[in-house]
Amino acid sequence: MIKLLSHLSYVAITTPDVEASVAFYVDRVGLTVVDRVDGAVYLRCWGDHYAYSVVVLPGDEPSLATMAWRTTSPEALDEAVRRLEDAGVQGDWSEVHKIGRAYTFTGPWGHPMTLHWDVTRHVAEPGAASLYPDRPAKRSTVAGAPRQLDHVTIAASDVDAFAAWYNDVLGFRIMARTLLDEAPISVFSVLTTNEKSHDLGVVLDGSTRPGRVNHFAFWVDTREELLIAADTLMEHGVPIEYGPSIHGIGEQNFLYYREPSTLRIELNTGGYRNYVPDWEPNTWTPSMGSNNFYRNGAMPMSMTESFPAADGPSATEEGVPDEIRDALLNPYAVHGRG
Ligand SMILES: [Fe+2]
């Protein structure tokens with residue numbers, strides 16, 4: 001298969017209070033509003049190369065409206081669509097704001113995804129241009145403001161099957177996974193379209209609600225910026241949900257907090273670059289420090305919440321099998337030392 005996808009280009013999310021979420025992204029995360037169209041607000045990080053990387057939409061619950069990947073060429077877009085339709089997926093072509101021609105489909109576990117080749121590159125406003133010709137705008141003056149969008153982590157009812165499908169159909173490389181220490185239940189996997197450890201993560205979803213998202217993440221250049229962001233968030237009354245610490249898988253420094261809709265966002269930095277085209281993914285367990293490499297603190301239970309809530313207004317009433325619920329009690333927990 002030719003390489004189909006190049007990188008995550010934007011994430012669209014819904015929130016019950018668009019203005020509260022947008023104000024948080026601007027004031028606390030350090031993004032900039034670039035457009036407002038029909039209730040949608042388009043934002044970008046200072047280092048994002050295209051017109052926007054985050055779209056905030058009105059909705060009853062926090063959710064993932066779509067996650068978008070840019071293909072490697074126009075031909076790769078057509079090939080990706082052919083492969084999707086051969087796999088039984090039927091999506092729709094549309095014109096996306098400042099993107100152009102794009103194909104949006106819902107994956108087998110209910111997650112909307114948009115693929116596109118066309119983009120509009122960001123052109124800095126007068127006075128906002130960077131001295132670096134390769135940098136699309138001046139660095140933000142908000143402390144710890146991320147350079148760019150980094151990854152999305154969704155929730156699905158079968159982690160390994162999800163990873164296998166996106167690998168088989170769209171060519172995502174599977175980089176690592178986590179099995180529970182107590183039972184051979186796969187609770188986490190990371191996939192990538194490039195040299196990063198992941199631009200798509202998947203956590204086990206014990207609910208019966210399809211298409212949920214656990215978090216999305218931004219990139220900061222250094223651990224110092226991540227620590228400054230944590231300090232600034234705390235100083236401004238934003239609780240830190242988990243971190244700062246370091247993931248074993250991917251070796252990234254992480255910091256998790258919530259935006260006003262309750263949707264979880266993450267800051268990442270560091271970690272490896274992996275260029276191996278036929279990488280064989282390793283299997284971790286939580287006791288190896290897959291989530292918290294220092295193994296000196298258990299993950300808060302709140303981190304298992306995905307969005308929309310499993311029992312939210314649109315959720316079904318079906319129960320979760322007991323064995324899955326038990327396995328999910330704390331899928332990232334540090335065992336033995338927690
Ligand atoms: Fe993440």
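Helices (H or I, at least four residues) and strands (E, at least two) are DSSP runs, numbered from the N terminus. This is a predicted model, in which local features need pLDDT of at least 70 and side-chain atom pairs count only at pLDDT 80 or more, while totals for chains, interfaces and linings use all residues. Residues are numbered from 1 along each chain as its sequence is written.

**Exercise 1. Describe the overall dimensions and the secondary structure content of the protein.**

Solution.
1. The protein has five helices and 17 strands.
2. Its radius of gyration, taken over C-alpha atoms, is 19 Å, close to the 20 Å that the globule rule gives for 338 residues, so the protein is as compact as a globular protein of that length. The globule rule is 2.2 Å times the number of residues to the power 0.38.
3. Along the principal axes, the C-alpha atoms fill a box of roughly 60 × 50 × 45 Å.
4. Two residues are in contact if their C-beta atoms, placed from the backbone, lie within 7 Å. Of the contacts with a separation of 6 or more, 69% join residues 24 or more positions apart.

**Exercise 2. State which residues the annotation "domain: VOC" covers, and characterise each span.**

Solution.
1. The UniProt annotation, from an unreviewed entry, covers residues 7-118 and 148-270. UniProt positions are given in the numbering used here, feature names are shortened, and annotations may be inferred rather than shown by experiment.
2. Residues 7-118 are 22% helix and 46% strand, with end C-alpha atoms 13 Å apart.
3. Residues 148-270 are 20% helix and 46% strand, and here the end C-alpha atoms are 14 Å apart.

**Exercise 3. Identify the residues with the most contacts inside the largest nonpolar core.**

Solution.
1. A residue is buried if 20 or more other C-beta atoms lie within 10 Å of its own, exposed if 12 or fewer, and partly exposed in between, with C-beta atoms placed from the backbone. By this criterion, 44% of the 338 residues are buried.
2. A nonpolar core is a set of buried Ala, Val, Leu, Ile, Met, Phe, Trp, Tyr and Cys residues joined through C-beta atoms within 7 Å.
3. The largest such core has 81 residues, and those with the most contacts inside it are Tyr10, Val11, Leu43, Val54, Val152 and Val159. Strand β1 (residues 5-15) supplies the largest share of this core, six residues.
4. Leaving aside residues up to four places away in sequence, Val11 touches Val54, Met67, Leu149, Val152 and Phe216.

**Exercise 4. Determine the strand order of the open sheet of eight strands, and locate helix α1 relative to the sheet.**

Solution.
1. Two strands pair if DSSP finds at least two bridges between them. The order is β2-β3-β4-β1-β5-β8-β7-β6, with mixed pairing.
2. The edge strands β2 (32-37) and β6 (92-96) each pair on one side only.
3. Neighbouring strands of this sheet are turned by 25° against each other on average, direction ignored.
4. Helix α1 (residues 18-29) packs on the sheet and touches β1, β2, β3 (40-44) and β4 (54-58), its direction making about 160° with that of β4. Axes are lines fitted to C-alpha atoms, for helices over the stretch in contact, and angles run from 0 to 180 degrees between N-to-C directions.
5. Eight bridges pair β1 with strand β5 (residues 63-71) in the antiparallel sense. Thr14 has Ser63 in β5 as its bridge partner.

**Exercise 5. Trace the pairing of β14, β15 and β16, and state whether β15 is enclosed or open to the outside.**

Solution.
1. β14 (residues 240-246) contains Pro244, and the peptide bond from Gly243 to Pro244 is cis, with omega near 0°.
2. β14 and β15 pair in the antiparallel sense over four bridges; Tyr242 has Tyr256 in β15 as its bridge partner.
3. These two strands form a hairpin with five residues between them, and Gly250 in the turn has a positive phi of about 85°.
4. Glu251 is found in the loop between β14 and β15 (252-258). Its phi is near 60°, a positive value in a residue other than glycine. Glu251 is exposed, with 12 other C-beta atoms within 10 Å.
5. β15 and strand β16 (residues 264-270) run antiparallel and are joined by seven bridges; Leu255 has Leu267 in β16 as its bridge partner.
6. Six of the seven residues of β15 are buried, so β15 is largely enclosed by the rest of the structure.
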